[in-house]
Amino acid sequence: MANIWSQTRRIMYSSIFTQASVGSILALLLFPITTFANPIAIENSLPGTPFALLDLEGTGSENIQGFATKMSVLPGESIDFKVATQSDSYYIDIYRLGYYGGIGGRLIASFSPSVSLPQSQPPCLEDASTGLIDCGNWATSASWTVPADATSGVYIANFVRNDADEISQTVFVVRDDTRGADILFLTPDTTWHAYNIYGGRNMYTGPRADKVSYNRPFVNSSRDWVMNAVYPMIRWLEANGYDVSYTAGSDIDQNAAEL
């Protein structure tokens with residue numbers, strides 16, 4: 001029976017990738033390859049957090065903006081956040097995007113900045129010859145150590161003011177470089193940053209820049225750059241229990257062996 005099932009899987013894969021027929025795709029959906037509980041299925045069995053906290057309208061508040069100093073991180077590693085705001089009271093919520101019974105995400109951590117507030121950040125660095133705008137000269141506002149048992153995924157950091165109804169967010173990836181999942185999900189972060197116009201320059205609208213930096217908040221709202229296309233694919237994969245891990249486009253640029 002196992003041999004017949006193995007042959008059936010090979011036939012299904014061959015049919016999908018050589019014919020790309022609707023019937024073959026439906027067959028794959030009706031007879032999923034993964035029939036056991038993988039880390040993604042286990043993660044999505046946990047209670048989710050209301051989706052309204054994840055899907056911001058517009059670009060978020062201009063009065064609190066921040067970014068993660070790494071596009072991706074491994075469990076057990078720490079990640080820094082640099083935040084610019086005049087607020088003397090705010091906190092950071094970390095969410096993982098997924099299915100979670102249809103809720104859409106789960107609150108992983110909530111913490112306060114580790115510096116005295118309000119924190120003054122300098123103007124971002126600019127290179128007139130290339131149009132590059134780089135906010136890497138900002139000081140660190142908070143750090144988070146990713147739990148050792150964190151599930152790979154796309155994570156959202158919300159920067160939330162206590163003293164005003166204002167919020168903005170950024171995104172990063174928690175990788176899993178060793179497990180070897182069935183599917184590797186690659187985020188289009190290079191495209192996100194090419195379109196990101198924080199500081200007034202990106203690669204598509206005038207005056208166009210020849211270079212852009214990852215060291216910037218996202219002006220584009222999550223509805224445009226994450227929720228528009230990336231989140232629906234994450235939701236579908238995890239709703240169907242596929243064994244998937246996540247990585248960033250910048251990771252593949254630096255370490256193609258990850259593929």
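Strands E9 and E10 form a hairpin, with 5 residues between them. The model described here is predicted. This briefing covers strand E9 and its partners, the aromatic residues, a separate sheet, and a surface patch.

**Strand E9 and its neighbours**

- Strand E9 covers residues 153–161 and is mostly covered, since 9 of its 9 residues are buried.
- On the hairpin side, E9 pairs with strand E10 (residues 167–174) in the antiparallel sense, over 8 bridges.
- Within this pairing, Phe159 stands opposite Ser168 in E10.
- E9 is also joined to strand E4 (residues 90–97) by 7 bridges, and these two strands run antiparallel.
- Here the bridge partner of Arg96 is Tyr155 in E9.
- In a regular strand, side chains alternate between the two faces of the sheet.

**Aromatic residues**

- The count of aromatic pairs in the model comes to 11.
- One of these is formed by Phe81 and Phe159, with an edge-to-face arrangement: 6.2 Å from centre to centre and 70 degrees between the planes.
- This pair links distant parts of the chain, as Phe81 is in strand E3 (residues 78–85) and Phe159 is in strand E9, 78 residues apart.
- Phe81 and Phe159 are both buried.
- Both residues belong to one aromatic cluster, made of Phe81, Phe111, Trp144, Tyr155, Phe159 and Phe172.
- Tyr155, the bridge partner of Arg96, is thus named again among the residues of this cluster.

**The sheet E1-E3-E8**

- An open sheet of 3 strands has the order E1-E3-E8, and its pairing is antiparallel.
- Strand E1 (64–68) and strand E8 (142–145) stand at the edges with a single partner strand each, so one side of each has no neighbour in the sheet.
- From one strand to the next, the twist averages 25 degrees.
- E1 and E3 pair in the antiparallel sense over 5 bridges.
- In this pairing, Ile64 stands opposite Thr85 in E3.

**A nonpolar surface patch**

- Tyr195, Met203 and Tyr204 make a nonpolar surface patch of about 300 Å².
- Met203 is found in the loop between helix H4 (189–195) and helix H5 (222–225).
- Met203 has a relative accessible area of 31%, so this residue counts as partly exposed.
- A residue needs over 30% relative accessible area to be part of a patch, and Met203 has 31%.

How values were computed. Residues numbered from 1 in each chain as written. Predicted model: local features only at pLDDT ≥ 70, side-chain atom pairs only at ≥ 80, totals over all residues. Heavy atoms only, no water. Patch = residues over 30% accessible without salt bridge, like charges linked within 9 Å, V, L, I, M, F, W, Y side chains within 5 Å. Areas by Shrake-Rupley, 256 points an atom, 1.4 Å probe, with all protein chains shown as cover. Salt bridge = Lys/Arg side-chain N within 4 Å of Asp/Glu carboxyl O. Helix = DSSP H or I, 4+ residues; strand = E, 2+ residues; numbered from the N terminus. Buried < 20%, exposed > 50% of the residue type's maximum accessible area, 1.4 Å probe, protein only. Pairing = 2+ DSSP bridges. Phe/Tyr/Trp six-rings, centres within 6.5 Å; stacked < 30°, edge-to-face > 60°. Axes fitted to C-alpha atoms, helices over the stretch in contact; angles between N-to-C directions.
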